[in-house]
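Hi,

Here is the structure I promised to pass on. Please have a look at it first, and then read my notes below.

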Amino acid sequence: MATISRVLRHAPPRLRHQTTREPTRRLSQSAKPIATPSVRFVGRHRAEITADDGTRTVDTRTLSQRGDLATWLACRQALDATASEFSCAAFDASPFASRAALLESKVFPARRSLHVDTPATRFGRTQEPVAVAQYAAERGHAVSATGLWTDESLAFGASPDGVVVDGDTGETGLLEVKCYYSRRRQRFFPPFARPPGRFFAQIQGGLAVCDLEWCDLVCWIPKNSHRPNYAVVRVHRDRQYWERCLKPKLDAFAARYAVSVRLYDRERASLGGGGPSGASRATRECVDCRRPLSAQEPAWKVRCYGCWKANARKK
């Protein structure tokens, strides 16, 4: 390292400029906080959204993650779980978050959010339109953009990457695109006969929520050679898997979520919106561990965050 430093010290200015890396700017420091609207579902695929500019009722299937991220996230947060969360909520099998973390993000959305912004997720957002266009052109299918779908219970939702009309049969299905960041420099993508297991719950849940019979899963990388750069497998709806395996586990997660919310609301109402008589917020203590509560905590809070988590797990 010292040798490299001495070489750069005596190198021409142009070489020093080319070999020196600029500091990386953190998005969290430069980006402004996004105001979160209030959402209430009033029917299947229909939500009442209240924001600073008033209240409006929208068809959630017209929402776009790229067009209005705050509203899209708020609508997803208003549901018990969406298709991309089904594997985590039902089986605790997500590589990105645990079931406990998902539950925390639902009960305390302002304190903990599972919406991540990484090079892999940015790669997926920017390359997904390219993958969809290539799939539509080479397969001869019509693909239309779509937003958030909900089931009849208004508890679960799905945000497929597109709605497909098969060019040969005229049947309608879903499109799910996975852009592989880790394989982006490979020269080709090999075909496969079955979908990867980690996507199965998401696809079957999306088909059940949208009430369609098949979904084309596209696994894609940038085209780095003349060889195929994506693989497609058509996944057909498995009603028994949804009714006997996935749906009961999702209902159990939703019930646990409802219990956590009731406990939270009970604590909120226990003091009637105020703190103990004659006590200031700075001197309030947790009713379980007796540790001082932060002055930033609302006046109705009677437990610290750690004790709340412990009680939620017992229930």
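What follows is a short tour of the sheet, one helix and the aromatic rings.

This is a predicted model, in which local features need pLDDT of at least 70, side-chain atom pairs count only at pLDDT 80 or more, and totals for chains, interfaces and linings use all residues. Residues are numbered from 1 along each chain as its sequence is written, and side-chain values use heavy atoms, with hydrogens and water left out.

The sheet: three strands form an open sheet in the order 4-7-6, with mixed pairing (strands are DSSP E runs of at least two residues, helices H or I runs of at least four, numbered from the N terminus; two strands pair if DSSP finds at least two bridges between them). Strand 4 and strand 6 (149-150) are the edges. Strand 4 runs parallel to strand 7 (residues 156-158), joined by 2 bridges, and T82 stands opposite G157.

Helix 4 (residues 69-77): its buried residues include W72 and C75 (buried means under 20% relative accessible area, with a 1.4 Å probe and protein chains only).

The rings: there are 5 aromatic pairs (ring centres of Phe, Tyr or Trp, the last by its six-membered ring, within 6.5 Å; edge-to-face means planes over 60 degrees apart). F86 and F156 meet edge-to-face, 6.0 Å centre to centre with 85 degrees between the planes. F86 belongs to helix 5 (residues 86-91) and F156 to strand 7, so this pair ties together parts 70 residues apart in sequence. Ring pairs also link F86, F156 and W242 into a cluster.

Best wishes

Definitions and conventions. Buried means under 20% relative accessible area, exposed over 50%, partly exposed in between (1.4 Å probe, protein chains only). Rings of Phe, Tyr and Trp (its six-membered ring) pair if their centres lie within 6.5 Å; planes under 30 degrees apart count as stacked, over 60 as edge-to-face and the rest as tilted.
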